[in-house]
Amino acid sequence: MGALAVAFLGLRGAPAWAQRAEPTLPALAERLVAMTAVTGYEQAMVDSLLAFLPGAARDRAGDAVVALGTGEHRRLVVCPVSEPGFVVGRVRDDGWLTLRRSPGRVSPLLERQIEGQRVTVFGRRGAVPGVVAVRSVHLTRGRGTASAPFTVDSAYVDLGAAAASEVAAAGVSVLSPVAIAKRPQRYGTDLLAGPVAGRRSACAALALAARRAVAEQGMVPRGESVLVAFVVQQDLDARGLATLANTRGPFSQTLILDGGPGTPGVVTAVPDSSAARWPALGTATRWSLGVRYPGTAVETSSLAGADSLRARLVRWIGGSP
């Protein structure tokens, strides 16, 4: 295989972090930030969440869903797992890859961030490390092209392969998902930085709240039920949320968790427009966990704020306003 280095990260049964009796929120949030779930390719993250939550199951859209309580008064709380990213557009004869945007919204800012950066390509045999090439300063000097913004259309990914056959041997092919290499960093007293750190911290808070509710039978008030879901393709067509509305609704209330611009750790609650599209969601509200530098590789969330969100979700599942 020449110089091609392959790092296998495939799941082998339930991951160790999912088997712990009660992992802390910082540990779980950091683990989720380190994972990749490009829109349309969220299966591995959903697998991990299914292993973490007793009684959880995958629905037909690919969501991880766990039902709490048996009452007819139903509420729904969801957290998206997907993230913007890229897919392999072409495998060249010389072993280089070109990229295309994944389905959904991929911001120009995200595209510019990957120039010259390490990326991970997720092939059939596992994760393969690569790097996005940098334009030659010498060849572009004085030609006007060096000042043009970098886009994914001009990206070339080097896996260390000398031929297309080496790329195929690593399990990489057209449409293999690609994301910037995840290296979450904790700094300050309680800050966590990494791509989609706010969304993943919110999902960690929900996972822990749901795990506690499963362990403590009777948390959901009598006559009520709460459906907890980690939904896919939220930034594309909200397929996961739509499936829940159409197959598990109607709900009296829907709570949508996410990260968003704001003071790290501060939760902003606003009405969500999803209810207008899917009336079966009932009254829909979005809780956004504030982050600094949103949409960047160093998006920063507060772990203390996420832990407060976890406690707040426990109360919400238990019927408190």
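Start by selecting residues 126–132, which form strand 7, and residues 156–158, which form strand 8. In this predicted model, the two strands run antiparallel and pair over two bridges. To see one pairing up close, click on Val131 and look across to strand 8, where its bridge partner is Asp158.

Now widen the view to the strands around this pair. Six strands close into a barrel, and following them round gives the order 4-5-8-7-6-9, with antiparallel pairing. From one strand to the next, the twist averages 45°.

Next, leave the barrel strands and turn to the helices. Two packed helices are described by the angle between their axes and the distance between the axes.

Select helix 2 (residues 25–34) together with helix 7 (residues 197–215). Their axes lie 8 Å apart, at an angle of about 130°, so helix 2 is oblique to helix 7. The crossing of these two helices is right-handed. Show the side chains at the contact: on helix 2, look for Leu25, Leu28, Ala29, Leu32 and Val33. They meet residues of helix 7, among them Ala197, Arg200, Ser201 and Cys203. Sorted by class, this contact of helix 2 with helix 7 has eleven nonpolar residues, one polar and one charged.

For the last stop, keep helix 2 selected and add helix 10, residues 303–317. Here the angle is about 105° and the axes are 10 Å apart, which means helix 2 is roughly perpendicular to helix 10. Which residues of helix 2 meet helix 10? Leu25, Pro26 and Ala29 do, touching Leu303, Ala306, Asp307 and Arg310. The contact of helix 2 with helix 10 has five nonpolar, no polar and two charged residues.

Definitions and conventions:
Residues are numbered from 1 along each chain as its sequence is written. This is a predicted model: local features need pLDDT of at least 70, side-chain atom pairs count only at pLDDT 80 or more; totals for chains, interfaces and linings use all residues. Side-chain values use heavy atoms; hydrogens and water are left out. Two strands pair if DSSP finds at least two bridges between them. Helices (H or I, at least four residues) and strands (E, at least two) are DSSP runs, numbered from the N terminus. Axes are lines fitted to C-alpha atoms, for helices over the stretch in contact, and angles run from 0 to 180 degrees between N-to-C directions. Angles under 35 degrees count as roughly parallel, over 145 as roughly antiparallel, 65 to 115 as roughly perpendicular and the rest as oblique. A crossing is left-handed if the near helix is turned anticlockwise from the far one by less than a right angle, and right-handed if clockwise. Contact means heavy atoms within 4.5 Å. Ala, Val, Leu, Ile, Met, Phe, Trp, Tyr, Cys and Pro count as nonpolar, Asp, Glu, Lys and Arg as charged, and the others, Gly among them, as polar.
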